[in-house]
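Q: Could you take me through one chain of this model, step by step? I would like to see how the chain is built and then how it sits beside its partner.

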There are 2 protein chains.
Amino acid sequence: MEHVSTSRCYGGEQEVWKHDSKATGTPMTFAIYIPDHAPGEKLPVIWWLSGLTCTHENAMIKCEYKQACAQHGVIFVCPDTSPRGEGVPNHEDYDFGQGAGFYVNATQEPWAEHFRMRDYVEEELPALVAEHFPVDMDRQGISGHSMGGHGALTVSLRNPGRFRSTSAFAPIVSPLNCPWGDKALTGYLGEDRTAWREYDSVALIEDGARLGEVLVDQGTADEWLEGQLKTHLFADACRDAGIDATIRMQEGYDHSYFFVSTFIADHVAWHAERLKA
Amino acid sequence: MEHVSTSRCYGGEQEVWKHDSKATGTPMTFAIYIPDHAPGEKLPVIWWLSGLTCTHENAMIKCEYKQACAQHGVIFVCPDTSPRGEGVPNHEDYDFGQGAGFYVNATQEPWAEHFRMRDYVEEELPALVAEHFPVDMDRQGISGHSMGGHGALTVSLRNPGRFRSTSAFAPIVSPLNCPWGDKALTGYLGEDRTAWREYDSVALIEDGARLGEVLVDQGTADEWLEGQLKTHLFADACRDAGIDATIRMQEGYDHSYFFVSTFIADHVAWHAERLKA
């Protein structure tokens, strides 16, 4: 692992690290915020998955999680959203290719070699962070924004028991039912939509996956709510499955990190309550 | 004025506006955060001056002022740091030309026509904001970071009585005594260093200017502290002049917005206490 930077922030360290990923076959960069803690102490961790166009950096500078994480003693990890680099295929659109990995293991060419973000965020990065940082892997939470909200919900649904807490901001709840999902999953996974179901929170719930409870914030002025995010599909699926879902429609808030930053402290506190119970 | 964007954030509106500036002869963009308030109510305002390389956007996304401003009912304005555009002279270095206006009225060619940031932040922008937004111009505070800390201190020192509160983060306290200052003020103002004194907080104090009181935060791990910022020169000048200066050396903090964001809520509260007294 290559140390990129450390800055003191809110009584903790905001660090950036780079490493060669086996999952993606590329260097990958991630940010990790570590509150001050007693020597030898292990802290609970929240994994944060970012949205379209983001790198590890967007949440690190815009999400305003650090104060709440310092207060509650929680580590916060922000991975990148895709492999990157010269040998990595890309696409001119913002919603496909680099910056738009959708947290899937691609099966279609030319994406299959590098676009293995599911393996990266589900297996490789957690193992790496557990080895090098003072995280208590028995106390993990997961959250994310937009495409990363989709990531957080689906990773949690596919790994029952791993996360004590799951939340999302303005998640893409059903790639099977929106243009962003159609485009990305057709490209990464192919035309057979049955292969998409493990990357769709609504389909996962329909197919029997469960969450203990879940917190979702969604802005009512979000320009993508009706056409892409479709929060109601997730609300309906949770209701039908008996999942304890708190879905808060936040009046007047849009899709940006101005929205996320407003409510991140609530989410960190909500996670911390469950991670430290 | 051209409306660029509005996003709801922490129970207020983060807005961005663009206008044709008479001072600089260019379009100028600024960010303004307006907490929710009663109809007709006017709110105190904090002017924020940013550092080298910044636009209006850096503080808006990194400074984490919004929660504190919402809590205290204070408007927060972030102007750009220089004129910009194709017809505007520039320089390849990060610390001179566009993004590095140093809040001076340039007298040297080719800068004199557009680089009139003193007029812009001291006169034109306040008048514009007072006309279009619910600010109470009897309750103004000013702050800033690095080059913008220099701006905040010098604007306040030159305008006695205008600001009820003045603070700074890691300010360049004396352009007369550092390489950044040498380069920028030689370029904008020429070789005659007596013309620089009205743009140097230490020289202004030596020449008789006063502040009621002032709050400064400075990180001890700031890579520019020794060679450029030289906080001790300001501390000495305040002591000699009997100015009530609170200068807090923050252990382990660097020069970044990770440092600023950690202490901005303290500053907003400190300003609010004076603005609402």
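**A close look at chain A**

A: Happy to! Let's start at the outside: chain A has an accessible surface of about 10100 Å², and carbon and sulfur atoms account for 47% of it. Keep in mind as we go that this is a predicted model.

Now look at the fold itself. Chain A holds nine helices and nine strands. Its radius of gyration is 17 Å, close to the 19 Å that the globule rule gives for 277 residues, so chain A is as compact as a globular protein of that length. If you draw a box along the principal axes, the C-alpha atoms fill roughly 50 × 45 × 35 Å.

What about the inside? Of the 277 residues in chain A, 63% count as buried, that is, with under 20% relative accessible area. Take the contacts between residues at least 6 apart in sequence: 71% of them join residues at least 24 apart.

Charges come next. Chain A carries 22 positive and 41 negative charges, and the mean positions of the two sets lie 4 Å apart.

Finally, bring in the partner. A turn of 180° with a shift of 0.0 Å along the axis lays chain A on chain B, with an RMSD of 0.0 Å. The two copies are therefore related as by a two-fold rotation axis. To find that axis from chain A, go to A:Lys62: its C-alpha is the nearest one in the chain, 3.0 Å from the axis. Both copies use the same surface, as 100% of the contact residues of chain A recur in chain B.

Conventions
Residues numbered from 1 in each chain as written. Chains lettered and ligands numbered in written order. Predicted model: local features only at pLDDT ≥ 70, side-chain atom pairs only at ≥ 80, totals over all residues. Heavy atoms only, no water. Helix = DSSP H or I, 4+ residues; strand = E, 2+ residues; numbered from the N terminus. Rg over C-alpha atoms; globule rule 2.2 N^0.38 Å. Buried < 20%, exposed > 50% of the residue type's maximum accessible area, 1.4 Å probe, protein only. Contact = heavy atoms within 4.5 Å. Areas by Shrake-Rupley, 256 points an atom, 1.4 Å probe, with all protein chains shown as cover. Lys, Arg positive; Asp, Glu negative; His and termini not counted. Charge placed at Lys NZ, Arg CZ, Asp CG, Glu CD. Least-squares fit on C-alpha atoms with pLDDT ≥ 70 in both.
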